[in-house]
Amino acid sequence: MRIKLTKHASSKIAERNISLDTIRAVVTDPDQEEMDRFDDSLVHFIGRVENRFLRVIGRWEGEGEFVVVSAFFDRRLKKGDK
């Protein structure tokens, strides 16, 4: 799978110290997957990273290519959530 980043995503993951490998791991094996409430082309992949939940938002473009729009540690999700 190929991961591409928008300019926004690139700056935010650098700012938040999130590695591309961590993003790839969450996208390929998420704990949870949700469709975006406002844009049906976007999907949210959520995965546990250590004791936090990483939310990766993006869209599929072509076969095996995922474009990341944003990624952040979701404080709304708690340790007991799945």
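Let me start with Glu-65 and what surrounds it. Setting aside neighbours within four places in sequence, Glu-65 is in contact with Arg-2, Lys-4, Arg-59 and Trp-60. Bear in mind that this is a predicted model. Glu-65 belongs to strand β5. Is Glu-65 buried or exposed? Its relative accessible area is 16%, and buried means under 20%, so Glu-65 counts as buried. The side chain of Glu-65 also makes a polar contact of 3.1 Å with the side chain of Arg-2.

Now the sheet. There are five strands in an open sheet, in the order β1-β5-β4-β3-β2, and the pairing is mixed. At the edges are β1, residues 2–5, and β2, residues 32–35, each of which pairs on one side only. From one strand to the next, the twist averages 35°.

Take the pair β4 and β5. β4 covers residues 52–60 and β5 covers residues 65–73, and the two run antiparallel with seven bridges between them. If you want to follow the register on the screen, Ile-57 is opposite Ser-70 of β5, and Arg-55 is opposite Phe-72 of β5. The hairpin that joins β4 and β5 has four residues between the strands, and Gly-62 has a positive phi near 75° there.

On to β3 and β4. This pair is also antiparallel, and seven bridges hold the register. Gly-47 has Leu-54 of β4 as its bridge partner. Here the hairpin has two residues between the strands, and in the turn Glu-50 shows a positive phi of about 55°.

Next, the helices. α1, residues 7–15, lies across β1 and β5, and runs at about 40° to β5. α2, residues 20–28, packs on the sheet and touches β1, β3, β4 and β5; the angle between the directions of α2 and β4 is about 80°.

Which residues of α2 are buried? They are Ile-23, Val-26 and Val-27. These residues span an arc of only 100° around the axis, so they sit on the same side of α2. As general background, an α-helix has 3.6 residues a turn, so residues three or four places apart point the same way. The cover over the buried residues of α2 includes α1, β3, β4 and β5.

That leads to the core. The largest nonpolar core has 16 residues. Which of them have the most contacts inside it? The list is Ile-18, Ile-23, Leu-54, Val-56, Phe-66, Val-68 and Ala-71. Two or more residues come from each of α1, α2, β3, β4 and β5. β5 contributes the most, with four residues.

One residue from that list, to finish: Ile-18. Again leaving out neighbours within four places in sequence, the contacts of Ile-18 are Ile-13, Ile-23, Leu-54, Ala-71, Phe-72 and Phe-73. Among these, Ile-23 is one of the buried residues of α2, Leu-54 is the bridge partner of Gly-47, and Phe-72 is the residue opposite Arg-55.

Note on methods. Residues numbered from 1 in each chain as written. Predicted model: local features only at pLDDT ≥ 70, side-chain atom pairs only at ≥ 80, totals over all residues. Heavy atoms only, no water. Pairing = 2+ DSSP bridges. Axes fitted to C-alpha atoms, helices over the stretch in contact; angles between N-to-C directions. Contact = heavy atoms within 4.5 Å. Core = buried A, V, L, I, M, F, W, Y, C linked by side-chain atoms within 4.5 Å. Buried < 20%, exposed > 50% of the residue type's maximum accessible area, 1.4 Å probe, protein only. Polar contact = N/O pair within 3.5 Å; in protein donor to acceptor, adjacent residues only side chain to side chain. Arc of directions from axis to C-beta.
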